[in-house]
Amino acid sequence: MATLLLGAAGSIIGGALFGPVGAIAGRALGALGGAVLDQTLVGGNRTATSEGPRLSDLEVMASTEGASIPRIYGRARLAGQVIWATRLQEVKATKTQSVGGKGGSLTPSTTTTSYTYYANFAVALCEGPISRIGRIWADGKLLDTTGRVARTYLGTRDQPPDPWIEAKQGTSGTPAYRGVAYLVFERLNLTDFGNRLPQITVEVERAVGVLEHQVKAVTLIPGATEFGYAPANVRQVVGAARYQAESRHASAADSDFEASLDQLLAACPNLERVSLVVTWFGDDLRAGSCTVRPKVEQAVKSTTPLSWSVGGLTRSLALTTSRYEGRAAYGGTPSDQTVVQAIQRLTAAGLKVTLNPFIMMDIPAANTRQDPWTGAGSQPAHPWRGRITCDPAPGRAGSVDGTADCAAQVAALFGAAAAGDFARAGNLVLYSGPVEWSLRRMGLHYAHLSLAAGGVEAILIGSEFEALTRLRDGAGAFPAAAQLAALASEVKGVVGAATRVSYAANWSEYGAQVFGDDVRFPLDAVWSSPGVDFIGIDYYPPFTDWRDGTTHLDAGLAATPYERAYLKSRLKAGEAYDWYYVDDAARAAQDRTAITDGAYGEPWVYRQKDLWSFWANAHHERIAGVRSASPTAFVPGAKPIRLMEAGCPAVDKGANQPNVFVDAKSSETGLPHFSSGQRDDIIQRRMLEAVLATFDPEAGASDADNPPAALYAGRMVEEGCVFLWTWDARPYPQFPLAADIWADGANWALGHWLTGRLGAA
């Protein structure tokens, strides 16, 4: 419209002033001006220019001269001081985009100019040295550091200058800030922070306790986690180009496993070994009916870049774990590829790996399996694997214990899989043996998988089959012990001489067992086997007998249950060493019965806590109360002991009964004797300090630890081989706080977890 009006006006004015030529020129000039006005007003064929926000001052964050340097103890969140920065880098980008036209000869376009700012700066945090720099918050929000360059310096006395600062300042003018823990951000994009330096706060950890420096070995769980051991990010596919987190819930690392490993290595600077727990699931307490197999959490789930597979079994063919309160009762078995990757990652970190195949009993509350112990029509929910036995169980009328049928039931549980039934193809382990899901198949599968990972320092063939190893056949022998010894030899043949092989017995299982007037050593067949390299024990005996008030008997030994000397003294004294309770009534009244042996002067036979005497003496069985003149095949001091688990729940009076745990879904859930149920991190810490100070002291060992023979020249409990239960591959605090992701988070508060506790003040 303006083109027409101004063209006509120009023609009239030009014609009046200059005649016909002026009319032509006036119309052309008027039309040109009208076209410009049209494009401005109604958006015809035009070029529009816009400009984004631009900082007027590039120096927007300052530091305070003379500010104090904090000193921290434990774990804290700190706001830092900027100690170095360059001017912000401004990157100008101009973009011209065609927007299309209609009926015109010009191509319409839009030109946009935007400004992006990048910051280089260093933030001093606190006095060093510290153990770890963890999560980083920018303007109060967790900063995802993947894809961003944020280098950390722990404030050591020999830390080098930062290379980026050195590149900017020059070699001669660059401080190393030795003794100061700090962060360096390199070209941090400020777009997400309103084009200004964000306010940075940082999680800082400085381990100040005794325990952190004592720890040399830990177990790594949860064991039941399909991709929780993956060092890289695995995502679940939930739709077209839609994903959700599967193995990464921490912003500071590529995966939960990596974040947790970073926390572990920082909290335990002297760590040497990790026992990697991998879970298969048993489904019946009757040995002859129980299958042991890998399971998945969900039957239908798509993941990338890894898909779940164990021994060639894919998700579509695997059984799912049972349900509890509408959710999976357990996570799934770790996918084989993640186990291989985890072993390789732990090895690369300088750690010696023990592969720990582990049985969890997936028996839901609503089941119709007959209980071998009681004859009831339903077995207890999610019990301990140590309850697996023959059917009927020992002590019940008609029990098959002591018969050939008992041996047959045990044989059914172990199965017939052989080492030659497995084949390796890269990271894959495939099985072509008898159609069975059995203990032998599990043990041999992981023996082959350990080779696929490049090898491990040690491997277990099972753990805590306490009731099973006590069963006898028709000749009075122990069929489960014979099966374990045979499996150990076959696993040894697969993994080779360089890999240590053993079984991890429960603390009340490893030594002598009483059967009426008989005293037997069922597991000596295992410990003496040439395929077994060490005696594995999960060590959870009762240490204390503490009660509320000041009138109980232990009150005469210490003022509080936390005294280190008192706790350490209980390892070679007290319950299961000097005395025992005959029943619950005696325990309530503290009516103690002394452990003695008037017949042969060997009270250590009955002392479940007396590792020293068990290890240093020949084992003479007693049949009908008569001591055999010949010992078992066990050779005193020939092989070291490894404590494959040692732990204490973080609950009031946890040292009274370290083997109990809280888990609402399990029939085994409970509190230690006389516990109030209140959380108590200190008793856990003090108890573990006592165990490590006794069995893994910093310098030397006591005379009682010296071997009685020259067959083995080290300590009774092998140095660096007290594996504390437990560290979690799910990083703190995502676990236990993310209850919508992990259903067992509620168990952490009173549980045996060291995650989130080690490193705290």
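This is a short talk on the fold, core, sheets and unusual backbone spots of one protein model.

Good morning. One caution before the details: the model is predicted. Let's start with the overall picture.

The protein has 15 helices and 36 strands. Of its 761 residues, 54% are buried. The exposed surface comes to about 31400 Å². Carbon and sulfur atoms supply 54% of that surface. Now look at contacts between residues at least 6 apart in sequence. Of these, 71% join residues at least 24 apart.

Next, the core. How many residues does the largest nonpolar core have? It has 135. Five residues have the most contacts inside it: L468, W527, L611, F695 and L724. Which helix gives the most to this core? That is helix 9, residues 479-495, with 8 residues.

Take L611 as an example. Set aside residues up to four places away in sequence. L611 then touches Y510, I537, Y539, I641, L643, F695 and M716. There is also a second, separate core, with 26 residues. Its members include V123, L125, C126 and L188.

Now to strand 36, residues 717-728. Is it enclosed or open? Of its 12 residues, 11 are buried, so strand 36 is largely enclosed by the rest of the structure. C721 falls inside this stretch of numbering, and its relative accessible area is 0%, so C721 counts as buried.

Strand 36 has parallel pairings to report. With strand 11, residues 217-221, it pairs in the parallel sense over 4 bridges. There, L220 stands opposite W727. With strand 35, residues 641-646, strand 36 also pairs in the parallel sense, over 3 bridges. In that pairing, L643 has V722 as its bridge partner. L643 came up a moment ago, as one of the residues that L611 touches.

Two open sheets deserve a look. One has 3 strands, in the order 13-12-17, with antiparallel pairing. Why does one side of strand 13 lack a neighbour in the sheet? Strand 13 (242-245) and strand 17 (302-304) stand at the edges with a single partner strand each, so one side of each is left without a neighbour. Neighbouring strands here are turned by 45° against each other on average, direction ignored. Strand 12, residues 235-239, is joined to strand 13 by 4 bridges, and the two run antiparallel. Find G239 on your screen: its bridge partner in strand 13 is R242.

The other open sheet has 4 strands. The order is 2-10-6-7, again with antiparallel pairing. Its edge strands are strand 2 (74-79) and strand 7 (141-142), and each pairs on one side only. Strand 6, residues 132-138, pairs with strand 7 over 2 bridges in the antiparallel sense. The bridge partner of A138 in strand 7 is K141.

On to F735, in helix 15, residues 734-737. Is F735 buried or exposed? Its relative accessibility is 0%, so F735 counts as buried. Leave aside its neighbours within four places in sequence. F735 is then in contact with D728, R730, W742, D744, G745, W748 and W753. One distance goes with this: the C-alpha atoms of F735 and A746 are separated by 9.6 Å. Those two residues are 11 apart along the chain.

Now the backbone. Most residues other than glycine have a negative phi, and most peptide bonds are trans. Here are some cases that go the other way.

The peptide bond from T304 to P305 is cis, with omega near 5°. P305 sits in the loop between strand 17 and strand 18 (309-310). A cis peptide bond also joins D391 and P392, where omega is about -5°. P392 is in the loop between strand 23 (352-361) and helix 6 (404-414).

Then positive phi. E325 is not a glycine, yet its phi is near 50°. E325 lies in the loop between strand 21 (323-324) and strand 22 (327-328). At 67% relative accessibility, E325 is exposed. F674 also has a positive phi, near 65°. F674 is in the loop between strand 35 and helix 14 (681-695). Its relative accessible area is 35%, so F674 counts as partly exposed.

Last item: cysteines. How many disulfides are there? The count is 0, taking a disulfide as a pair of cysteine sulfur atoms within 2.5 Å. C290, for its part, is buried, at 4% relative accessibility.

That's the tour. Thanks.

Definitions and conventions. Residues are numbered from 1 along each chain as its sequence is written. This is a predicted model: local features need pLDDT of at least 70, side-chain atom pairs count only at pLDDT 80 or more; totals for chains, interfaces and linings use all residues. Side-chain values use heavy atoms; hydrogens and water are left out. Buried means under 20% relative accessible area, exposed over 50%, partly exposed in between (1.4 Å probe, protein chains only). A nonpolar core is a set of buried Ala, Val, Leu, Ile, Met, Phe, Trp, Tyr and Cys residues joined through side-chain atoms within 4.5 Å. Contact means heavy atoms within 4.5 Å. Accessible areas come from the Shrake-Rupley method with a 1.4 Å probe; for residues, only the protein chains shown count as cover. Two strands pair if DSSP finds at least two bridges between them. Axes are lines fitted to C-alpha atoms, for helices over the stretch in contact, and angles run from 0 to 180 degrees between N-to-C directions.
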